[in-house]
Amino acid sequence: MKLSPEKFQALRIIERKDYASDLWSIRAKSQQKLVFKPGQYATLGVPAGDTLIQRAYSIVSSPNEDELEFFIELVPHGELTPKLYALHPGDTIWMRRQAKGLFTFDERSGWQKHLLLCTVTGVAPYVSMIRTFAKAETEGKPVPYKLTVIQAASRSWEFAYRDELETFARSVNWLRYVPTVSRPWEDSSWTGEVGRVEDILRKYTDTLSLEPRETTAYLCGHPQMIENCKGLLARRGYPKESVREEIYWIPAKTNLVEAAATRP
Ligand SMILES: Cc1cc2nc3c(=O)[nH]c(=O)nc-3n(C[C@H](O)[C@H](O)[C@H](O)COP(=O)(O)OP(=O)(O)OC[C@H]3O[C@@H](n4cnc5c(N)ncnc54)[C@H](O)[C@@H]3O)c2cc1C
């Protein structure tokens, strides 16, 4: 298969970390530096016969890092993720030369408060934003925002970036990180928040005074979480234009019951 070098470049995996049997992250080096904003995604591809199977992946790393980082969930019957899962350091994947996406940090409204909600891998764009703010702060640019990240996962070991986010949250005054576990019965040592994002959302908007018309909300990951949280935020008074979303996939109709049963 011949790929246009104007559109694609090779990405060499240099590190892989596994967090669960279906969750891992990779760090990879591109031939040319990818230009992107925190929150955007890259399109990754693996050849299969005559075609390149391509999917979107939010970029975890900050634009000021030399390598790109991605946090990926294996979809067992998916077309691409089993192929990505089989790859290890030294292997190559293809990447479109252009990063895309509008799921970036809202610097236009001028609001100080930002409520960032996600399921599992949906934390990726937020990590990129937070690493970028943290770096700017070390360079003498104070962060004029207050970020609250709420991340849901079925079990605590799926919070791949928990240590990093908790370390940031302890050392800066602009970040609060709230991981919540939706299957505590499978994670007996978990002592933190319990439930899905939707179960604890109202508690946090109320106790932290994350008021509509002074807060931007972001929703990333599982389509059902996004749908439910949009409804909750609307009832809390958030206007549509203050809510940004990045839906990771459209559920196949036949899988709806199964998807609902296994979601974080
Ligand atoms: C902007 C954007 C950013 C994304 N960023 C990430 C990311 O950072 N990390 C990441 O892992 N994925 C991310 N995704 C999802 C990713 O693009 C793929 O859809 C996903 O990896 C599945 O690809 P696949 O080819 O293996 O499955 P497909 O063959 O595309 O899908 C097979 C079936 O599984 C369903 N499905 C797809 N993904 C899931 C899932 N996670 N859980 C349950 N069912 C699913 C599909 O609806 C379909 O019915 C992102 C998607 C978008 C649109």
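These exercises work through a predicted model, each with a solution in steps.

**Exercise 1. Divide the chain into domains and describe where they touch.**

Solution.
- Begin with the bounds: domain 1 covers 8–96, and domain 2 covers 113–262.
- Next, take the spacing. The C-alpha centres of domain 1 and domain 2 are 22 Å apart.
- Then count the residues in the contact: domain 1 supplies 16 residues and domain 2 supplies 13 residues.
- Look at the side of domain 1 that touches domain 2. Two or more residues come from each of β1 (8–20), β2 (23–30) and β5. The largest share, 3 residues, belongs to β5.
- Finally, sort that side of domain 1 by class: 9 nonpolar, 6 polar and 1 charged residues.

**Exercise 2. Place the ligand with respect to the two domains, and describe the shell around the ligand.**

Solution.
- Start with the residues around the ligand, of which there are 25. Those that come nearest are Gly78, Leu80, Thr81, Trp249 and Ala252.
- Assign elements. β4 (51–58) and β5 (68–73) are the ones that give two or more residues to the shell.
- Sort the shell by class: 15 residues are nonpolar, 6 are polar and 4 are charged.
- Now use the domains. Both domain 1 (8–96) and domain 2 (113–262) give residues to the shell, so the ligand lies between them.

**Exercise 3. Describe the largest nonpolar core and the surroundings of Ile130.**

Solution.
- The largest nonpolar core has 59 residues, and Leu117 and Ile130 touch the most other members.
- Helix α2 (residues 124–138) provides the largest share of this core, 6 residues.
- Check the domains: at least three residues of this core come from each of domain 1 (8–96) and domain 2 (113–262).
- Turn to Ile130. Neighbours within four places in sequence are left aside, and Ile130 is then in contact with Leu147, Leu165, Phe168 and Leu175.

**Exercise 4. Decide whether Cys220 is buried or exposed, and locate Cys220 in the structure.**

Solution.
- Find the element: Cys220 is part of strand β11 (residues 215–221).
- Count the neighbours. There are 26 other C-beta atoms within 10 Å of Cys220.
- Apply the cut-off: a residue is buried if 20 or more other C-beta atoms lie within 10 Å of its own. Cys220 is therefore buried.
- List the contacts, again without neighbours within four places in sequence: Cys220 is in contact with Phe103, Cys118, Gly122, Pro125 and Glu246.
- Relate Cys220 to Ile130. The two are 90 residues apart in sequence, and their C-alpha atoms are 15 Å apart in space.

Notes: Residues numbered from 1 in each chain as written. Predicted model: local features only at pLDDT ≥ 70, side-chain atom pairs only at ≥ 80, totals over all residues. Near = placed C-beta within 6 Å. Helix = DSSP H or I, 4+ residues; strand = E, 2+ residues; numbered from the N terminus. Nonpolar A, V, L, I, M, F, W, Y, C, P; charged D, E, K, R; others polar. Domains from an automatic or database assignment. Contact = placed C-beta atoms within 7 Å. Core = buried A, V, L, I, M, F, W, Y, C linked by C-beta atoms within 7 Å. Buried ≥ 20, exposed ≤ 12 C-beta atoms within 10 Å, placed from the backbone.
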